[in-house]
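Hi,

Here is the structure I promised to send over. Have a look at it first, and then read my notes below.

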Amino acid sequence: MSTLLAMDRVTSYYGKTPILKDFSLQLEQGKCLCVLGRNGVGKTTLMRTIMGLTDRSSGNIEIDGQEIGEAPTYKRAKLGIGYVPQGRGILSEFTVRENIMLGTFARRTDDSEIPEICLRLFPYLKANLDRRAGLLSGGQKQQLAVARALAVGPKVLLLDEPTEGIQPNIVHEIGETLRMLNKELGITLLLTEQHIKVAKRLGDDFLMVDNGRVAAAGPIEALDDEIIRKHLTI
């Protein structure tokens, strides 16, 4: 399998402060990589660095073999990166339809229709396209954030804490949707996650972050109690 997303010795800054330090990863096409770690260790900064949303970064970042370290955010999206930020970033005053349509502006084609996959995956959204997004529940807003990212037509989907603040029954539902996107539709996933069960159900591989660095990495089967206790237990 070919490497779709790669970072090589990336350091990323807010102001003069390095948050990610000498950070490297490789994500193969069609795989799901789960990024784990305590709050404040750099997981969100990792996602924002890939999207070009930190103040600056050094090192190499490639998508599908193309260097993007100097590219603006919109060009990274057009190269096939979909992004579901922490907190979802839904525009409350916009309708469901308008929020999804925002994703189409970053498509590589001129097609500006809502992709069929967005409506097929999320029947509630299909039935409520003209509902104001601010009226949705937390789980429905997360569905909308995923649908908007899918409207980009991504090669790889970045999801920052996709199950955060969601009811347990909806956590399972979101997890199943992501599993289908990855395993059945072949969309490559990179997600940060606090729920170990979700990570083990979805992930092919894991990467543990501590103090802005890669502390441990490997196949998801190698994510044992010792690693969890050392890097996740408060």
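Let's start with strand 6: Ile81 and Tyr83 point one way from it, Gly82 and Val84 point the other way, and all are buried. Please keep in mind as you read that this is a predicted model.

Strand 6 pairs with strand 7 in the parallel sense, over four bridges. If you want a spot to look at, Tyr83 has Leu158 as its bridge partner in strand 7.

**The six-stranded sheet**

These two strands belong to an open sheet of six strands, with the order 6-7-8-3-9-10 and mixed pairing. What stands at the edges? Strand 6 (81-84) and strand 10 (213-219) do, and each has a single partner strand, so one side of each is left without a neighbour in the sheet. From one strand to the next, the twist averages 15 degrees.

Further in, strand 7 (residues 156-160) and strand 8 (residues 188-192) run parallel and are joined by five bridges. One residue to click on there is Val156, whose bridge partner in strand 8 is Thr188.

Two helices that pack on this sheet are worth turning the model for. Helix 6 (residues 138-150) touches strand 6 and strand 7, and its direction makes about 165 degrees with that of strand 6. Helix 7 (residues 168-183) touches strand 3 (32-36), strand 7 and strand 8, and makes about 145 degrees with the direction of strand 8.

**The four-stranded sheet**

There is also an open sheet of four strands, in the order 2-1-4-5, with antiparallel pairing. Here the edge strands are strand 2 (17-28) and strand 5, each of which pairs on one side only. Helix 1 packs on this sheet and touches strand 1, strand 2 and strand 4; its direction makes about 110 degrees with that of strand 1.

Going through some of the pairs:

- Strand 1 (residues 3-14) pairs with strand 4 (residues 56-63) in the antiparallel sense, over seven bridges. Thr11 stands opposite Ser58 in strand 4.
- Strand 4 pairs with strand 5 (residues 66-67), also in the antiparallel sense, over two bridges. Ile63 has Gln66 as its bridge partner in strand 5, and Glu62 stands opposite Glu67 in that strand.

Strand 4 and strand 5 form a hairpin with two residues between them. More on that turn further down.

**Helix 1**

How many of the eight residues of helix 1 are buried? Six are, so to speak the bulk of it: helix 1 (residues 43-50) is mostly covered. The buried residues are Lys43, Thr45, Leu46, Met47, Thr49 and Ile50. Just after the helix comes Gly52, with a positive phi of about 75 degrees.

**Two backbone angles to check**

Most residues other than glycine have a negative phi. Two residues that go the other way caught my eye.

Asp64 has a positive phi, near 55 degrees, and is not a glycine. You will find Asp64 in the loop between strand 4 and strand 5, which is the hairpin turn mentioned above. Is Asp64 buried or exposed? Somewhere in between: its relative accessibility is 41%, so Asp64 counts as partly exposed.

Glu161 also has a positive phi near 55 degrees without being a glycine. Glu161 lies in the loop between strand 7 and helix 7. At 5% relative accessibility, against a cut-off for buried of under 20%, Glu161 counts as buried.

**The largest pocket**

The last thing to look at is the largest pocket, which holds about 270 Å³ of space. Its lining is made up of 13 residues, and those nearest its centre are Met51, Ala77, Tyr83, Arg148 and Val152. Tyr83 is the residue from strand 6 that we met at the start, where it was buried.

Which elements supply at least two residues of the lining each? They are helix 2 (73-78), strand 6, helix 3 (96-104) and helix 6. Strand 6 gives the largest share, with three residues. By type, the lining of the largest pocket divides into nine nonpolar residues, three polar and one charged.

So if you only have a minute, go to strand 6: it stands at an edge of the six-stranded sheet, and it supplies the largest share of the pocket lining.

Cheers

Note on methods: Residues numbered from 1 in each chain as written. Predicted model: local features only at pLDDT ≥ 70, side-chain atom pairs only at ≥ 80, totals over all residues. Heavy atoms only, no water. Pairing = 2+ DSSP bridges. Axes fitted to C-alpha atoms, helices over the stretch in contact; angles between N-to-C directions. Contact = heavy atoms within 4.5 Å. 1 Å grid on protein atoms, 1.4 Å probe; cavity = no way out; pocket = protein on both sides within 12 Å on 5 of 7 lines; lining within 4 Å. Points joined across faces, edges and corners; volume = space filled by probe spheres on them. Nonpolar A, V, L, I, M, F, W, Y, C, P; charged D, E, K, R; others polar. Buried < 20%, exposed > 50% of the residue type's maximum accessible area, 1.4 Å probe, protein only.
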